[in-house]
Amino acid sequence: MDFCDERRKLVSKLKKEGRIKTVEIEHAFLEIPREKFIPKNLNYYAYSDIPLEIGNGQTISAPHMVAIMCEDLDLKKGQKILEIGSGSGYHAAITSKIIGKEGHVFSIERISVLANFAKKNLIETGITNVDIIIGDGSIGFQEKAPYDRIYVTCAAPRIPSILIEQLKDPGKLMVPIGNIICALNLLEKIGGKTIINNLGGCAFVPMIGENGY
Ligand code: SAM
């Protein structure tokens, strides 16, 4: 299987569908090998635009969802990012390429087996600006706060106020609200105020933890 060709075809499809809009995000998708972030027996599906099982009842998100989240977060070079739900490390790897070497991603994963899987995948793809931390991301990660951007890759019952506190002003927070079937919410903090936009329906595994289920 020619993974490079499959990757190019997927990027072209995501551009046609309007999911990938900016050249920075296009380049990140072309650079990161999704086949390295999934179990080997699923390699055939690496460039299908679907979520895939990565073990422990968890999934790597569909590429279009990663693209939507990156575009709507308006990621910029040099930003400090908090990701909640590392899973395979793929989304963090895409984000790390967009923000560049001068930026940094702190990513929290509650399942240690998956945190180690993500760490291994990031090392094997040569990513050096992502730290994977084992813990409950529903309380954020105060140690490195405040963040330019925070995004959550699991569904929360409500927007955790602690995450709003750990966000810079101005800053943006993206979080799916619901239980499996949810609405993608984008919160913008600006001038001490918060504005919330519902970006539409999506499906995510639940956030388990102090501010989760
Ligand atoms: N971004 C991932 C990727 O690229 O593979 C996909 C993430 S998967 C859809 C959601 C992840 O959130 C799971 O790995 C799950 O264990 C994790 N999760 C759920 N609740 C969490 C919490 N409170 N803190 C940290 N991680 C959590």
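Below are worked exercises on the sheet, two of its helices and one loop residue.

This is a predicted model, in which local features need pLDDT of at least 70, side-chain atom pairs count only at pLDDT 80 or more, and totals for chains, interfaces and linings use all residues. Residues are numbered from 1 along each chain as its sequence is written, and side-chain values use heavy atoms, with hydrogens and water left out.

**Exercise 1. Lay out the sheet.**

Task: give the strand order and find the edges.

Step 1. Identify the elements. Strands (E, at least two residues) and helices (H or I, at least four) are DSSP runs, numbered from the N terminus.

Step 2. Read the order. The sheet is open, has six strands and runs S5-S4-S3-S6-S7-S8, with mixed pairing. Two strands pair if DSSP finds at least two bridges between them.

Step 3. Find the edges. S5 and S8 (193-204) each have a single partner strand, so one side of each lacks a neighbour in the sheet.

Step 4. Add the twist. On average, neighbouring strands are turned by 15 degrees against each other, direction ignored. The axes behind such angles are lines fitted to C-alpha atoms, for helices over the stretch in contact; angles run from 0 to 180 degrees between N-to-C directions.

**Exercise 2. Trace the parallel pairs and their crossovers.**

Task: register S3, S4, S5 and S6, then assign the handedness of the connections.

Step 1. Start at S3. S3 and S4 run parallel, joined by five bridges. Lys 80 has His 104 as its bridge partner in S4. S3 also pairs with S6 (residues 147-152) in the parallel sense, over four bridges. There, Leu 82 stands opposite Ile 150.

Step 2. Move to S5 (residues 130-134). S4 pairs with S5 over five bridges, again in the parallel sense. Glu 109 is bridged to Ile 134 of S5.

Step 3. Assign the hand. The crossover from S4 through H5 (residues 112-124) to S5 is a right-handed β-α-β connection. S3, H4 and S4 also form a right-handed β-α-β unit. Right-handed here means that, with the strands pointing away from the viewer, the path from the first strand over the helix to the second runs clockwise.

**Exercise 3. Characterise H4 and its neighbour H3.**

Task: state how enclosed H4 is and describe how H3 packs on H4.

Step 1. Check burial. Nine of the ten residues of H4 are buried, so the helix is largely enclosed by the rest of the structure. Buried means under 20% relative accessible area, exposed over 50%, partly exposed in between (1.4 Å probe, protein chains only).

Step 2. Set the geometry. The axes of H3 (residues 63-73) and H4 come within 11 Å and cross at roughly 35 degrees.

Step 3. List the contact (heavy atoms within 4.5 Å). H3 contributes Val 66, Met 69 and Cys 70; H4 contributes Tyr 90, His 91, Ile 94, Thr 95 and Ile 98. Six of these residues are nonpolar, two polar and none charged.

Step 4. Classify the residues. Ala, Val, Leu, Ile, Met, Phe, Trp, Tyr, Cys and Pro count as nonpolar, Asp, Glu, Lys and Arg as charged, and the others, Gly among them, as polar.

Step 5. Leave the helix. Just after H4, Gly 100 takes a positive phi of about 75 degrees.

**Exercise 4. Place Gly 85.**

Task: locate Gly 85, decide whether Gly 85 is buried or exposed, and list its contacts.

Step 1. Locate it. Gly 85 lies in the loop between S3 (80-84) and H4 (90-99).

Step 2. Judge burial. Gly 85 has 16% relative accessibility and therefore counts as buried.

Step 3. List contacts. Not counting residues up to four places away in sequence, Gly 85 touches Ser 107, Ile 108, Glu 109 and Thr 153.

Step 4. Check the setting. Five of the six residues of S4 (residues 104-109) are buried, so S4 is largely enclosed by the rest of the structure.
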